[in-house]
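Please open the model in a viewer and keep the sequence at hand. The tour proceeds by selections, each followed by a description of what is found there.

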Amino acid sequence: MDSKKLKPLSAYSIALGVVAVAFLAGITGGCLLSVLGGETADGAVTEYLSPLTHGVLPQPSVSRVILNALLYPTLCFALGFAIPGVALIPAAVFARGFFLSYAVASFARVFGATDGTLFSLSLLGFPLLLSLPCLLLLGTHGLLDSVSLLKSARRRTGALLNVKAGFTRFGIALCALALAAAAEYYLAPALAAVAARTIEIVN
């Protein structure tokens, strides 16, 4: 009986794999920096939680929330129209994973793995649930488009990019990112305050 040949991976699968690995590498880097950061990470957490002594975290500024929700997905989308996106898109995804894991690991370092992670999920969980799929979607398609541009430049031929489909994906992603920003602005501070009292971060 002849063994079946393995089917080659599609370009989409490879691009998704690269983006996913970049995100996981960022998570690993953020955790390591938090562990090695010591007093710097502890001080950042203490300063961030100081408003909880009054019972609730204040709502973050609208501009910060919008920037936090849109920055990395928009970068991935925009860089898909440029050859440097081949390197810069994985770098952007890496950065997003890095800063997220640094925050979670810092809370875990200060309050313990269980309590710190629970608090982080109350603060970041809902926004991340909405924004992470957008980042992976736009990052994967952006990387595919950048690679297509690079190949076309080497062959000195015109790249065939489906611009309409790209903007459609971006529009759908913007709707989800708007919900993520709303969750971070309205819901996350209240959930974080409840979680802090539940796990006795504050009295």
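Select Leu-135 and display its contacts in this predicted model. Leaving aside residues up to four places away in sequence, Leu-135 touches Phe-23, Tyr-72, Pro-73, Cys-76, Val-93 and Arg-96.

Next, extend the selection to the nonpolar core. The largest such core has 20 residues, and Leu-135 is listed with Cys-76 and Val-93 as having the most contacts inside it. At least two residues of this core are supplied by each of helix H1 (11-37), helix H3 (62-79), helix H4 (85-111), H5 and H6. Colour H4 separately: the largest share of the core, 5 residues, comes from this helix.

Now select Phe-119, Ala-188, Ala-192 and Ala-195. These residues are among the members of a second core, which is separate and has 7 residues.

From the interior, turn to the surface. In soluble globular proteins, nonpolar side chains tend to be buried together. For a nonpolar group on the surface, select Phe-126, Leu-129, Tyr-186, Leu-187 and Leu-191, which form a patch with about 520 Å² of accessible area together. Helix H5 (113-155) and helix H6 (163-198) are the elements that give two or more residues to this patch. H6 gives the most, with 3 residues.

Finally, centre the view on Leu-129, which lies in helix H5. Is Leu-129 buried or exposed? Leu-129 counts as exposed because its relative accessibility is 61%, and the cut-off for exposed is over 50%.

Definitions and conventions: Residues are numbered from 1 along each chain as its sequence is written. This is a predicted model: local features need pLDDT of at least 70, side-chain atom pairs count only at pLDDT 80 or more; totals for chains, interfaces and linings use all residues. Side-chain values use heavy atoms; hydrogens and water are left out. Patches are made of residues with over 30% relative accessible area and no salt bridge: like charges are joined within 9 Å, nonpolar side chains (Val, Leu, Ile, Met, Phe, Trp, Tyr) within 5 Å. Accessible areas come from the Shrake-Rupley method with a 1.4 Å probe; for residues, only the protein chains shown count as cover. A salt bridge is a side-chain nitrogen of Lys or Arg within 4 Å of a carboxyl oxygen of Asp or Glu. Helices (H or I, at least four residues) and strands (E, at least two) are DSSP runs, numbered from the N terminus. Buried means under 20% relative accessible area, exposed over 50%, partly exposed in between (1.4 Å probe, protein chains only). A nonpolar core is a set of buried Ala, Val, Leu, Ile, Met, Phe, Trp, Tyr and Cys residues joined through side-chain atoms within 4.5 Å. Contact means heavy atoms within 4.5 Å.
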